[in-house]
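Colleague: I'm new to this one and would like a close look at a single part. Could you pick a spot, start there and work outwards for me?

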Amino acid sequence: MRSDLYYRLNVFNIHMPPLREHKEDIANLVQLLLVEMSGKHARKVSAISEAVLNQFNQYSWPGNVRELRNTIERAVIVCDAGVIETKHLPRALDKLRFGPRPTIPMRSPGRWHHGGRSGKKCSF
């Protein structure tokens, strides 16, 4: 490739804000994506529930519009009714439904002692 290619292409910059900065567009994007994905997969999905829309508005969308598109496509595929519900959403959005998953602290294997044949109980 040419070393000056970047400078040849970098004539005019367009700033696209991330989806988390223009959440007012989510409802319109969802409707457009529902029509597109329903047609693509020959499904009769025409709406999303209010709970799903609220969840979409709370989510930070680190993958931007592409993540929203993939989420809608997956929901259209797995939806068996005409309305997408929270049960049709991927697990990545679970933290909004159920809160953060608890973490279990692990001890290092070197600190465990089973007591051997002495009959002592385990200690740590």
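Modeller: Let's start at histidine 88. Leaving out residues up to four places away in sequence, histidine 88 touches Arg74, Ala75, Val78, Cys79, Asp80 and Val83. Keep in mind that this is a predicted model. Histidine 88 sits in the loop between β2 and α5 (94–98). Is it buried or exposed there? Its relative accessibility is 4%, so histidine 88 counts as buried. Its side chain also reaches the backbone nitrogen of glutamate 85, at 2.9 Å.

One of those partners, Ala75, takes us into α4, where Leu68, Thr71, Ile72, Glu73, Ala75 and Val76 are buried. What do they pack against? The buried residues of α4 pack against α2, α3 and β2 (83–84). As for the helix itself, the 15 residues of α4 should span 21 Å at 1.5 Å a residue, and the end C-alpha atoms are 22 Å apart, so the two agree.

Now pick out leucine 68 from that buried set. Not counting neighbours within four places in sequence, leucine 68 is in contact with Leu19, Leu29, Val30, Leu33, Phe56 and Trp61. Leu68 also belongs to the largest nonpolar core, which has 21 residues. Within that core, Val30, Leu34, Ile48, Phe56, Leu68, Ile72 and Ile84 touch the most other members. The elements giving two or more residues to this core are α2 (26–40), α3 (50–58) and α4 (64–78), and α2 gives the most, with 5 residues. As a rule, nonpolar side chains in soluble globular proteins tend to be buried together.

Trp61, another contact of leucine 68, deserves a stop of its own. You'll find tryptophan 61 in the loop between α3 and α4. Tryptophan 61 has a relative accessible area of 0%, so it is buried. Its backbone is a bit of a surprise: phi is positive, about 50°, although the residue is not a glycine. Most residues other than glycine have a negative phi.

Asparagine 64 is worth setting beside it. This residue is in helix α4, and its phi is near 60°, again a positive value in a residue other than glycine. How accessible is asparagine 64? At 29% relative accessibility it counts as partly exposed, whereas tryptophan 61 is buried.

Key. Residues numbered from 1 in each chain as written. Predicted model: local features only at pLDDT ≥ 70, side-chain atom pairs only at ≥ 80, totals over all residues. Heavy atoms only, no water. Core = buried A, V, L, I, M, F, W, Y, C linked by side-chain atoms within 4.5 Å. Buried < 20%, exposed > 50% of the residue type's maximum accessible area, 1.4 Å probe, protein only. Helix = DSSP H or I, 4+ residues; strand = E, 2+ residues; numbered from the N terminus. Contact = heavy atoms within 4.5 Å. Expected span 1.5 Å × (residues − 1). Polar contact = N/O pair within 3.5 Å; in protein donor to acceptor, adjacent residues only side chain to side chain.
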